[in-house]
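Got your viewer open? Let's take a walk through this chain together, one selection at a time.

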Amino acid sequence: MQPSASNPAPTPPSGASSPASPASPAAPRFDERLTVPGSWWVIVALLAVSGGLIMFPLGTVPMLGGLIVAGVAAGVAASSYGSARIRVVAGSLVAGEARVPVSALGAVEVLDEEGARAWRTHKADPRAFMLMRSYVPRAVRVVVTDPADPTPYLYLSSRDPEGLAAAVEAVRAEG
């Protein structure tokens, strides 16, 4: 797997996954952003309030500063953790910083909650590439068939594992 440094295609403004038009090979067949759940933003707000309360004994201005600094820091942390993307675009599976040509991929296995838990715990291989998010219970396991790549498989958390598997299979069938 090679890290991806560029954005090959713009993100469609609509939802998590989008079908590609046959006329545009650069359009993503699948595009999902693993955003943090809404409950995490409540935690961000509570951390902001905590920052304000810590600075409260020093006065109103320091309290507002603590509120803003803690809120921005927690918001940036939550937003960056939730910015992981999984895309099938231009004949490649792009997951986070990894880009793997679909031709180097083997079987795609859709994992239910129990299967996903097993593959991220006792069945996990330390050489595997894992894009895990604790708040996404389902996943996809994709075997890497490239003999030059020591990575045995990709484990990708996904809210739409069936759509991801179908997109990989559709790109493989094309080509």
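## Getting your bearings

Start with the whole chain: it has 175 residues, and 38% of them count as buried. Keep in mind as you look around that this is a predicted model.

Now switch to a cartoon view. You should find four helices and nine strands. Follow them from the N terminus and the order reads β-β-α-α-β-β-β-β-α-β-β-β-α. Among contacts with a separation of 6 or more, 65% are between residues 24 or more positions apart.

## Two stretches from a record

Next, select residues 39–58 and 64–84. An unreviewed UniProt entry gives both the label "transmembrane region". In the model, residues 39–58 are 85% helix and 0% strand, with 30 Å between the end C-alpha atoms. Residues 64–84 come out at 86% helix and 0% strand, and their end C-alpha atoms lie 31 Å apart.

## Into the core

Time to go inside. Which residues have the most contacts inside the largest nonpolar core? Select Ile 86, Leu 93 and Leu 164, in a core of 29 residues. Then colour the elements that give two or more residues to this core: helices H2 (60–81) and H4 (161–174), plus strands E3 (85–89), E4 (92–95), E6 (105–111), E8 (139–144) and E9 (153–157). The largest share, five residues, comes from H4.

Zoom in on Leu 164. Skipping its neighbours within four places in sequence, Leu 164 is in contact with Phe 30, Ile 86, Val 88, Leu 93, Val 140, Leu 156 and Ser 158. Apart from this core lies another one, of seven residues; Leu 111, Ala 116, Ala 128 and Tyr 153 are among them. Remember Tyr 153, as this tour comes back to Tyr 153 as part of that second core.

## Rings that pair up

Now show the aromatic side chains. The chain has four aromatic pairs. Pick Trp 40 and Tyr 81: their ring centres are 5.8 Å apart and their planes meet at 10 degrees, so this pair is stacked. Trp 40 sits in helix H1 (residues 38–55) and Tyr 81 in helix H2, so the pair ties together parts that are 41 residues apart in sequence.

Are these two buried, exposed or partly exposed? Trp 40, at 28% relative accessibility, counts as partly exposed. Tyr 81 is also partly exposed, at 32%.

Go on to Trp 119 and Tyr 153. Here the centres are 5.3 Å apart and the planes stand at 75 degrees, so the pair is edge-to-face. Trp 119 belongs to helix H3 (residues 113–120) and Tyr 153 to strand E9, so to speak of distant parts of the chain is fair: they are 34 residues apart. Trp 119 counts as buried at 15% relative accessibility, and Tyr 153 counts as buried at 3%.

Add Tyr 135 to your selection with Trp 40 and Tyr 81, and you have a cluster linked by ring pairs.

## Charges over rings

Keep Tyr 81 on screen and add Arg 133. The charged end of Arg 133 sits over the ring of Tyr 81, 4.2 Å from the ring centre. Then swing back to Tyr 153 and show Arg 141, which lies over the face of Tyr 153 at 4.8 Å from the ring centre.

While you are there, look for Asp 125, in the loop between H3 and strand E7 (129–131). Leaving out neighbours within four places in sequence, Asp 125 is in contact with Pro 152 and Tyr 153. Which side chain does Asp 125 join through a polar contact of 2.9 Å? That partner is Arg 127.

## Last stop: around strand E4

Finish by selecting Ala 90, in the loop between E3 and E4. Check its backbone: Ala 90 has a positive phi of about 50 degrees, although Ala 90 is not a glycine.

Then step along to Ser 92, in strand E4. With 9% relative accessibility, Ser 92 counts as buried. Beyond its neighbours within four places in sequence, Ser 92 is in contact with Arg 87, Arg 99, Val 100, Pro 101 and Val 102. Draw one last distance, from Ser 92 to Ala 104: these residues are twelve apart along the chain, and their C-alpha atoms are separated by 9.1 Å.

Methods. Residues numbered from 1 in each chain as written. Predicted model: local features only at pLDDT ≥ 70, side-chain atom pairs only at ≥ 80, totals over all residues. Heavy atoms only, no water. Core = buried A, V, L, I, M, F, W, Y, C linked by side-chain atoms within 4.5 Å. Buried < 20%, exposed > 50% of the residue type's maximum accessible area, 1.4 Å probe, protein only. Contact = heavy atoms within 4.5 Å. UniProt positions renumbered as here; feature names shortened; annotations may be inferred. Phe/Tyr/Trp six-rings, centres within 6.5 Å; stacked < 30°, edge-to-face > 60°. Lys NZ or Arg CZ within 6 Å of the ring centre and 35° of its normal. Polar contact = N/O pair within 3.5 Å; in protein donor to acceptor, adjacent residues only side chain to side chain.
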